[in-house]
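Student: I should like a close look at a single part of this model, the surroundings of the ligand. Please describe the protein there, and then the sheet that contributes to it.

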Amino acid sequence: MTDSLHQLLRASRDAYAKNVVTPLSVRRNVIAATENWEEAHTLPLPAQMARYVSEGFETDDASVELGLKSLWPINANNQPRSAVVREGLKAVAENPAEAFYQVEVLNGRRYYTAVYADVAGDISCVLCHNGHPDSARDNFRGGDVLGGFVVRVALGEEG
Ligand code: HEC
């Protein structure tokens, strides 16, 4: 289940990047994609779209959570908030080919937590993340892991 939810979040970000941002902002100069898109009347960045999808996915009982997180984020809200997610981000940064899975207990509730690497497949990822004033790191290279998709599914009460 976590694998499919991860695919869905990744696919929605990539579909937006491929079908909107690349044709309109990268290939043709119709409209830019920038972080302050609301004030600037531009398009949001793909990572922002992933965050909006994750926020929209939040259920009242928090039984499923999605996110795009990093140990070196641009947006400080994208830092891991649990030790297990931190450990997962470290694991996928070292070995991007393998997803990380672990059961974690938060506030007395058990969760199945999965983390999947998000690799800088394009030089534009590295250039923007290294150059961004809020970025926690400025020495990414092509092919590095910039962060990870996090999926958490509630398993039930502890005990
Ligand atoms: C034009 C600049 C820009 C480009 C290009 C870019 N990003 Fe980002 N990225 C951002 C910004 C800004 C955020 C913070 C979004 C938010 O507010 O949640 C972000 C967030 C992220 C995050 C979440 C952690 C964090 O840094 O806040 C990951 C992971 C990520 N981007 C990966 C990528 C990958 C992979 C690519 C290339 C396919 C890429 N980015 C291309 C600007 C960029």
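Tutor: The account below begins at the ligand and then turns to the sheet. The model is a predicted one.

The iron atom of the ligand has a single donor from the protein, namely NE2 of His129, at 2.1 Å. His129 belongs to helix H5, which covers residues 123-131. Around the ligand there are 20 residues, and those that come nearest are Arg51, Ile74, Cys125, Cys128 and His129.

Oxygen atoms of the ligand also have polar partners in the protein. For arginine 51, a polar side-chain atom lies 2.7 Å from a ligand oxygen. Isoleucine 74 takes part through its backbone, with an N or O atom placed 2.7 Å from an oxygen atom of the ligand. In asparagine 75 the side chain is again involved, an N or O atom of it being 2.9 Å from a ligand oxygen. Two or more residues of the shell come from each of helix H3 (46-57), strand S3 (109-119), H5 and strand S4 (145-157). Of these elements, H5 gives the most, with four residues. By character, the shell consists of nine nonpolar, eight polar and three charged residues.

Strands S3 and S4, which supply part of this shell, belong to an open sheet of four strands in the order S1-S4-S3-S2, with antiparallel pairing. Strand S1 (64-69) and strand S2 (100-106) are the edge strands; each has a single partner strand, so one side of each is without a neighbour in the sheet. On average, neighbouring strands are turned by 25 degrees against each other, direction ignored.

At one edge, S1 and S4 run antiparallel and are joined by six bridges. Within this pair, glutamate 65 stands opposite arginine 152 of S4. At the other edge, S2 pairs with S3 in the antiparallel sense over seven bridges, and valine 105 stands opposite arginine 110 of S3. S2 and S3 form a hairpin with two residues between them, and asparagine 107 in the turn has a positive phi of about 50 degrees.

Helix H4, residues 83-94, lies across S1, S2, S3 and S4 and runs at about 170 degrees to S2.

Taken together, the iron is held to the protein side by one donor in His129, H5 gives four residues to the shell, and the sheet enters that shell through S3 and S4.

How values were computed. Residues numbered from 1 in each chain as written. Predicted model: local features only at pLDDT ≥ 70, side-chain atom pairs only at ≥ 80, totals over all residues. Heavy atoms only, no water. Donors = N, O, S within 2.8 Å, 3.2 Å for Na, K, Ca; no water. Near = heavy atom within 4 Å. Polar contact = N/O pair within 3.5 Å; in protein donor to acceptor, adjacent residues only side chain to side chain. Nonpolar A, V, L, I, M, F, W, Y, C, P; charged D, E, K, R; others polar. Pairing = 2+ DSSP bridges. Axes fitted to C-alpha atoms, helices over the stretch in contact; angles between N-to-C directions. Contact = heavy atoms within 4.5 Å.
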